[in-house]
Amino acid sequence: MSENLHAVIEHLRQALARRDADAFAAVFADDAVYELRFGMPGQPRRFEGAQVIREHMKQGASRGIAQLLRFDDVRATVYESTDPEVAVVEFEPTGSVRDSGAPFRFASSLGVIRVRDGAVVSYLDYPNAVGAAEAVGLLPELAAMLAAVPAAAPVPAAAPVPSGPPAAKEVVARLIEASVANDHAAMVALYAPDVVIEIPFAPPGVPTRSAGSDHLRDRLEAVAGLRRFERAEVINLLETADPDVVVAEYTLHGSITATGQPFSSTYVMIITVRDGLIVHSRDYGNPLSSLSSPA
């Protein structure tokens, strides 16, 4: 990872720990683009220009759940990519709730960050609103708000699954294809028997870590028949500095079996493949979907 990229990530980490929106936005280029991939329904998702991004950050830090949390520190886990300008970063704050003093620690966001000439030119942000709401005891309120939001119309365009020579990339492409085919047996067959799966943004009641493909099979069987996937929109398959590791971002579109209601679920997965099988996966699903979808 370049010194520029490392320095910018460390600057962002320190700014988050201090809850300093001005400092956070200070490293964005004048024409930078910031996108909220797991944003709240009905809220703006794309912000262009450093000043617009700064105002958005300041508003977010001064209202809502954010103002109820006190950060002591923020840990940054960095996944380097083969693109020297890009890194994938998971931020994990620790601190306490202002009113109760209750301690918290949760994965608050995942960012795909592109830095050029020492400045952020693109930031794809996947925040964990459910984790923040759980920390302050506001999950029921968040769920009620999401339930009142009308279902979004299905997205019409479907991108083809990218292909590439690296074995890890091919395995991930097959996983997405098996998901669209609703072929749970084919999906499980792509995982090693001793695979470890982590879900940092897991909703309450869902384990954040499981070991063994049998657990994955049980999880898939538990939702079989509740929903049906119909197509995939593959947004990015990002190769990392480790040839066994791929970062995948994709959206699955489908319908709820009982009602026919359309839905879409966006995922980011950091997947490690060895000998043609997935041995480790760190899965980030949109946490808001887990509260608003019956499946």
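**Helix α4, G131 and the second largest pocket**

Me: Which residue follows α4, and what is the sign of its phi?
Reply: In this predicted model, α4 is followed by G137, and the phi of that residue is positive, near 75°.

Me: How do you know where G131 is found?
Reply: The helix α4 takes in residues 129–136, and G131 is found within that stretch.

Me: Why does G131 count as buried or exposed?
Reply: The relative accessibility of G131 is 9%, and the word buried is used for values under 20%, so G131 counts as buried. Within α4, the buried residues are V130, G131, A132, A133 and V136.

Me: How far from S109 is G131, in sequence and in space?
Reply: Along the chain, G131 and S109 are 22 residues apart, while in space their C-alpha atoms are 9.5 Å apart.

Me: How much space lies in the second largest pocket?
Reply: The second largest pocket holds about 1,300 Å³ of space. Its lining is made of 42 residues, of which H56, G60, A61, A66 and P127 are the closest to the centre of the pocket. Among the elements that give two or more residues to this lining are α4, α5 (139–147) and β7 (119–127), and α3 gives the most, with five residues.

Me: What makes up the lining of the second largest pocket, by class?
Reply: Sorted by class, the lining of the second largest pocket has 29 nonpolar, nine polar and four charged residues, where a residue such as Ala or Pro counts as nonpolar and Gly counts as polar.

Methods
Residues numbered from 1 in each chain as written. Predicted model: local features only at pLDDT ≥ 70, side-chain atom pairs only at ≥ 80, totals over all residues. Heavy atoms only, no water. Helix = DSSP H or I, 4+ residues; strand = E, 2+ residues; numbered from the N terminus. Buried < 20%, exposed > 50% of the residue type's maximum accessible area, 1.4 Å probe, protein only. 1 Å grid on protein atoms, 1.4 Å probe; cavity = no way out; pocket = protein on both sides within 12 Å on 5 of 7 lines; lining within 4 Å. Points joined across faces, edges and corners; volume = space filled by probe spheres on them.
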